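This report covers a metal site and the strands around it. The sequence and model come first.

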Amino acid sequence: HVSNVSAESYIYIDEKEIEKTNKQTDVKRALEYSVEHYLVEAYLQPIVKSGSHELIGAEALARIKDLEGNLISPDKFIPIAERNGRINQLGEQVLERVCDFICSQDMKKLGISWINVNLSPIQFMRQDLDKRLLGIIRGKGVDPAYIHLEVTEEAMIDETLLLKQIQNIQSTGFYFVLDDYGKGYSNLSRLKKCPFINVKIDMNIVWEYMSNPDEVLPNMVKTFKKLGFSITAEGIENEEMADAMRDIGCDYLQGFYFSKALTMEQFIDKYS
Ligand code: C2E
Ligand code: MG
Ligand code: MG
């Protein structure tokens, strides 16, 4: 009887593994197809002012679809794209879609001052990243000041390379934002060397503060502001969170309480 049970559970695990591998193969295929056929989409999630909840900007979030047309989560395809190098093309397609949006819309009327675009640490490994980004933006005729590039601390592992890259790119007119602060290993002295204009507090830190408020997050926000960074709190899911983050000094808020990421059409419908 005992050996029967273990034989069954062995098969069960095996099937799960196969299913997982199949799913990953599907994601990989969808990724290849989307990149090759120029089908990578950029959804936009609103970012609002903490005091008035007025729209101020948006974050572009990559989306691809599977063969049935269902959306695949970036948490599934970004790690694969980072491993096989597709992230370079994927990231550039997102930037192109954002440029098309900026060109085709009256940004003032929409009330957006900038759009954040995520940059993977892998993209920083290309020496010509500055030229590639500038090539896209110039080709589309967009002012780079509209683009705020989000980088995570992961990208700072090779500090000298990163700083050099950021300085090169920044000198061409782009702005930089630190994404997911507090998610990993956070280093304030390293952060001070980077010319960020804004720090985004990771949603886990925000949620932790809500369930167990202490002085750590408020002091962190104070320190950042003294250093000249504006602050965005991520993962705002209700009014209580929005009020708490405003009260501790965050300038901007992003989260499902305001809106999830929208297609560009939905975004225009909602805000124009
Ligand atoms: P991220 O850059 O930190 O983006 C924020 C993520 O949090 C988005 O997930 C967004 O939908 C989600 N989010 C926003 N508000 C809330 C909320 O109130 N509650 C909850 N539970 N979640 C919220 P998404 O779109 O699934 O993207 C996940 C991650 O994938 C991004 O995290 C980013 O690291 C990566 N990613 C997405 N698009 C790109 C891209 O174009 N390039 C690169 N390199 N990475 C990307
Ligand atoms: Mg981001
Ligand atoms: Mg983030």
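## Metal site and strand E8

Glu 234 is buried, with a relative accessibility of 8% (buried means under 20% relative accessible area, exposed over 50%, partly exposed in between, with a 1.4 Å probe and protein chains only). The model is predicted: local features need pLDDT of at least 70 and side-chain atom pairs pLDDT 80 or more, while totals for chains, interfaces and linings use all residues. Residues are numbered from 1 along each chain as its sequence is written, chains are lettered from A and ligands numbered from 1 in the order written, and side-chain values use heavy atoms, without hydrogens and water.

The magnesium ion (ligand 3) takes its protein donors from Asp 179 (OD), Asp 180 (OD) and Glu 234 (OE, listed twice), at 2.2 to 2.4 Å. Donors are N, O and S atoms within 2.8 Å of the metal (3.2 Å for Na, K and Ca); water is not among the atoms, so sites may look incomplete. Along the chain the donors are spaced D-D-x53-E. Asp 180 lies in strand E6 (residues 175-181) and Glu 234 in the loop between strand E8 (230-233) and helix H10 (239-247), 54 residues apart. Helices (H or I, at least four residues) and strands (E, at least two) are DSSP runs, numbered from the N terminus. Asp 180 is also buried, at 17% relative accessible area.

Strand E8 pairs as follows (a pair needs at least two DSSP bridges).

| Partner of E8 | Sense | Bridges |
|---|---|---|
| E7 (residues 196-201) | parallel | 4 |
| E9 (residues 252-253) | parallel | 2 |

Ala 233 is the bridge partner of Ile 201 and stands opposite Leu 253 in E9.
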